[in-house]
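Me: Please take a close look at a single part of this structure and then follow it into its surroundings. I am a first-year student, so explain the terms as you go.

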Amino acid sequence: MTSTKSASPFEDNIAFIQQQCGMNDDFAIRRFHVFGQYPAVIFCYDFMVDPQALNFDILKAMMYLPPQLREADIKPDQLLDIVVNDTLYYYKIKLEIRPKLWIDNLTRGRTVILIDGIDEALVLETRQIDKRAIEQPATEQVIRGPREGFIEVLSTNLTLIRYRLQTSDLRVKVMELGRRTKTAVAVCYMEDLTNPDLVEEVHRRLSKIDIDAVTDSGILEQFIEDNHFSPFPQVQYTERPDKVVSNLVEGRVCILVDGSPLALIVPTAFNQFYQTVEDYTERFLLMSAVRFARLIAIIFSLIFPSLYVAIISFNPELIPTEFAVAVAGGRAGVPFPAVVEVLIMEVSMEVLREATIRLPQQVGGALSIVGVLVIGQAAVSAGFASPITVVIIALTTIGSFATPAYNAALALRLLRFPLVVLAGVFGLYGVMIGLILIANHMLSLKSFGVPYLSPLAPGIFQGMKDMLFRAPLWWMPKRPGLLQTQNLHRLNPDQPIPPSRNAKSPLDLSNMEEEER
Amino acid sequence: MAKLHSAKIIHLTCVMVLTLPILTGCWDRLEIEDRAVVLGVSIDKAPPESANQETEVAHVEGANPIPPEDMIRVAVQIAIPGRIPLGPGESGGGGGGGGGKSSAANTVWVLHVVGHSIDDALMNLQQQVASSLFFGHLRVIVISEEVAKKGLENINDYFRRNSEVRRMAWILVAKGEAMQFLTAAPKLERVPTLYLLSTLEEGFRMGKFPQDFIGMFWSNSSKKGQEGFLPYVELKKENNVEIAYFKGPKMVGSTSPLEIGAYMAIKGINPAGYRVIVQLNGAADTVITAATHRKARYSVRIAEGRPHFTIHIAFEQNVEEKYSEHIGIDNQEILSNIEKKQAQVAVEYFEQFIRKTQEAHSDIFGFGEYIRAKRPAFWNRNVKTKEKWQEMYKDAEFDVTVTMKIRRVGMKAR
Amino acid sequence: MDKTRQITMIQIAAILVSTIIGVGVLPLPLFAVNALDSGAPLITLAAVLFGFISLLLLSLLGMRFPRQTIIQYSEQIIGKWPARAGSLLVIVFFAVLTSLTAREFGEVVVTSVLKNTPVEVTVIVMLLLATFSTRNDVTVFAYIHYFYFPLILFPALFIVALSLKNADALNLQPIWGNDPQGVIPGALTIAALFQGSFILTSVIPSMRRPQKALLASVVGMVIAGGLYVIIVAATVGVFGAEETKKLLWPTLELAKATSLPANVLERLDAAFLIVWVTAVFTTLLSSYFLTTQSLGLLFRLRDHKLFAFFLLPFVFVLAMLPQNIVQMYTIVRMVGRIGLILTLAYPALLLLVSILRKKRGEPVGEVAQR
């Protein structure tokens, strides 16, 4: 088919495209005649395009003259005009003259049409990718709150955000990352809210990325975070559009990646990792208590085993006498020191947890029960671990699951191990040294210029209303101060809250009066 | 970027090199089951022939300056791990006692040894126990009367210096042999010392005995104008606690149980837990009242170079019972009658008790402290030291007045 | 907005409080009762006022030269070489203070919790901890202090509150004491515990509004001094003056004499000591930060981080010099006295000369913004 020296540029272009893509079996080339007289050719990747649109809205429309122009005589120089303006039932049309970009467009699922005698190619957005339905977010489930989660397709995700945030101030800037994957990456922010320096910094960091493949937002995260050696995540991810929206209106920037159902939110402070959507949708008093429980779980998962080791091996005078004697009895048959015992149990717990994640769901549940039985009961009766150790490990493991953010929980779970070792060397002193090191590290962390422990560390009292507890929404009129937003208030602080008037006072009811009589 | 990485790696390596040697040592790790948890200590005077039993552990033979007749016998009560079961319901623990309730004999282990001083004795004792003695859970120290009368300086010093010992342990002075308190097997509690402890602590809660931790005893003994006192106990069926009062580090006397009530009243310590029998006219008119609340106020004036204390004590009481229906407790008159009668008895009793301590030069009430605090000029001029106050206390004058108020009579109207 | 000026007034106050409150609190009641038995709180108060003078001078100087630390403005005031000598003295003094703090706490830990651990190890661990954190910039330095501030304040107040039920007001009377013998040396010893407040001069150049330095130092001193007085009062109130004299670390003993209601933890001394690691750490951090930062400024280096590890061996060897705990406390007292001259007389001299020679630093804040 390929002829190297054909007469017209039309044939040259066809040859060029064919040379680039023609050896792929899923590449389609279809020749036809526009209005029955002008030769043209359609290029597309077969399975990426919408065949319905291609057949009826494009091919069919182009083959026949539009009824209003039946009588007219179409000259070649009018052709392009008529095709674009009168013929095609399609709104996404681009004209592209550079052959290199035709290829780019083709690989993205667009259709390229070449017409003999016209230098520009018509590029039509015909991409149709099979996508899964919008489902409930698997990792961030709520009882009260929206049920939609992001999916892999960027356009759908942007839709999900935009319909929640119907304002022209929402800016979406799409850039292309990945030398080979050419993944679309969308940066969203609020034009009139977000600190322009922050937006600029996000763009700067993103544009510096030069890698082969961006297959997930997690890849990007590793290139834009501040401290690569920290165990703590400095970028939050979420699959909830409502979370993205509320972060946007707080003045943060969100980054979405085509092909990833997880949006990134920057800057991120540590307190975001234990906040959930429900904290804000449910009543503040209850959720404050729940958040408190969550915080305790975080602390549990970090320090409980090391505290146990320190007290058992170094400072048994701290626990009540009877209990101490009983613990000594429980440990009497265990051959290892408490540090080793706890480390062994912790490691086997991690193994178990990892195995449970890898296994198919149906088997996973069964395994975890069996595992707990095996590890717990059998270890005790084999004289391998003391019963109290098992209790401690169980509490710790469960505590680590109470943290809403998986990556933050993972960080704390990892840090548990050095703490246990320190406890084994220095007792409580070692635990404290370890905690100070962790705290100092967290204090020195910054996420896009925002201190990681904000609002605690720089001491912003306004922000502390949403830290340990969650204040009622009407009591938090300002956006987080450290984001340095252009607009400070998120609600009118003067509005009468709570509503001061009853709709109907019982005294106004007429039947009451009747009863009086 | 690459440069930064290598810098970081060097940095990390430095940190590792610096910290790794630290990780190699676990100098203080001592598992809880490897500790011999000492729950109680008793200190007796050693039997005369004991000097020969001693082995050379803490000192070269003959090198100890303390004469053999001052040697002491120290016994410790060590909890046996596993015999005290984990949690409620489970009985027997590791199958030692053959199920059922475990008696003291198999939950604890008492062993004793002689020595020239506490530390000396404990060193000797350590020779007999494989695991190291751990005093972090020491709750009760029992000292025989004989040792207490000789003085507690060595004992105080050792336990104050040892950082494991808690200030909230108790020291008891035992009538007779001290060691028997460690071996006795109580019915209610699995561990004998813990039973002893709960006796004292419940006594405090019911107003039978003032709180008197080892730390309080030390503080009181240290004060210039006060002496320490300790519970003075005897191993009988009922819990008989009295007060052993000290002059400096030496025990100089003891009270009767009711005199503890007097002590607590003079100090105004609440809750009040003593009952008093009052006879109005004859045996048939006997009424028993229970004090519920006390309040004591002092004032002092200096007359003829001697302190003259006025003590005013106010009681609040309830009527608990009466012997017969001979009188009816239903009018103001009879209540004031009871109050008056009782106050009379109390004043006499209190004064007598104070006189008793005066004779022993043992100001367990801290009247000297009161002078030091309120009349510093007099104190600085005339007293200044503990010894001088011990002398002066004997000559101090006391006026006690008592106000009784009966507030309630129970559910009965008459 | 100036990116380097981020520290707020409250953070300065927190820095002062957590710097001042450190290992010195543990033997503090002993110092106080040795000076003036039952009048211990009074003498502590006097020492607080005394310590405040130095802080006052420093904040006045800092407000005069809001862009510079004492190392820099002293050169303007009294000339290059005298100032460098003075700065060197300050640096050496704070290096010694760092080492003594580490050693003192090492001794406390080894005596009461980790009996078999070599004191070298506990000291080097504390010093390493301070070294790592010193390598951060001044903003993070302020964050660290601010973050630990409640962790220092509340355990101390908690112990005091729990122990109050055992306290006896008679122990605190007469409030002017019975035996006023060692009042002046005692007050000086206690006043020496406030020397950490010298850190103020290092952080004023990073304050958002240096004019508030004086207010910050008043707030800091009221909190720290108040805590000192409260702790002394509680300890003497519980133990009595005579018993306190027999205790090496009465504050620790106070923790030992209290237990949580319902016996959650049977005794609080180990727990208290462990929480106190943070207090000691912040003190160490301040003095070490001051040392390295001043050294960096003295040698006109842009970055002080270089010195953090470089100085470590010297500080460690200094810390190991005292042979035993008694000698260590003798040295602590002596160094404290010398330090008083340095932290009081030197700033006073600088302030006086700067007033006489009408020297002033470049102002910042409202004036600059206009």
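Reply: In chain C, helix 6 (residues 119-134) and helix 13 (residues 269-298) have axes that come within 9 Å and cross at roughly 55 degrees. Helix 6 of chain C is therefore oblique to helix 13 of chain C (angles under 35 degrees count as roughly parallel, over 145 as roughly antiparallel, 65 to 115 as roughly perpendicular, and the rest as oblique). Axes are lines fitted to C-alpha atoms, for helices over the stretch in contact, and angles run from 0 to 180 degrees between N-to-C directions. This is a predicted model, in which local features need pLDDT of at least 70 and side-chain atom pairs count only at pLDDT 80 or more, while totals for chains, interfaces and linings use all residues. Residues are numbered from 1 along each chain as its sequence is written, and chains are lettered from A and ligands numbered from 1 in the order in which they are written.

The crossing of these two helices of chain C is right-handed, that is, the near helix is turned clockwise from the far one by less than a right angle. From helix 6 of chain C, the residues that meet helix 13 of chain C include M126(C), L129(C) and A130(C). Among their counterparts in helix 13 of chain C are F281(C), L284(C) and Y288(C). Contact here means C-beta atoms, placed from the backbone, within 7 Å. Sorted by class, the contact has 9 nonpolar, 4 polar and no charged residues (Ala, Val, Leu, Ile, Met, Phe, Trp, Tyr, Cys and Pro are nonpolar, Asp, Glu, Lys and Arg charged, the others, Gly among them, polar).

In chain A, helices pack on a sheet instead. The sheet is open, with 5 strands in the order 1-2-4-5-3 and antiparallel pairing. Strand 1 (27-34) and strand 3 (93-96) of chain A each have a single partner strand, so one side of each lacks a neighbour in the sheet. From one strand to the next the twist averages 25 degrees. Strand 1 of chain A pairs with strand 2 (residues 38-45) of chain A over 8 bridges (pairing needs at least two DSSP bridges), and I29(A) has F43(A) as its bridge partner.

Helix 1 (residues 9-21) of chain A touches strand 1, strand 2 and strand 4 (111-115) of that sheet, its direction making about 155 degrees with that of strand 4. Helix 2 (residues 51-63) of chain A touches strands 1, 2, 4 and 5 (121-124), at about 35 degrees to strand 1. Helices (H or I, at least four residues) and strands (E, at least two) are DSSP runs, numbered from the N terminus.

Key
Contact = placed C-beta atoms within 7 Å.
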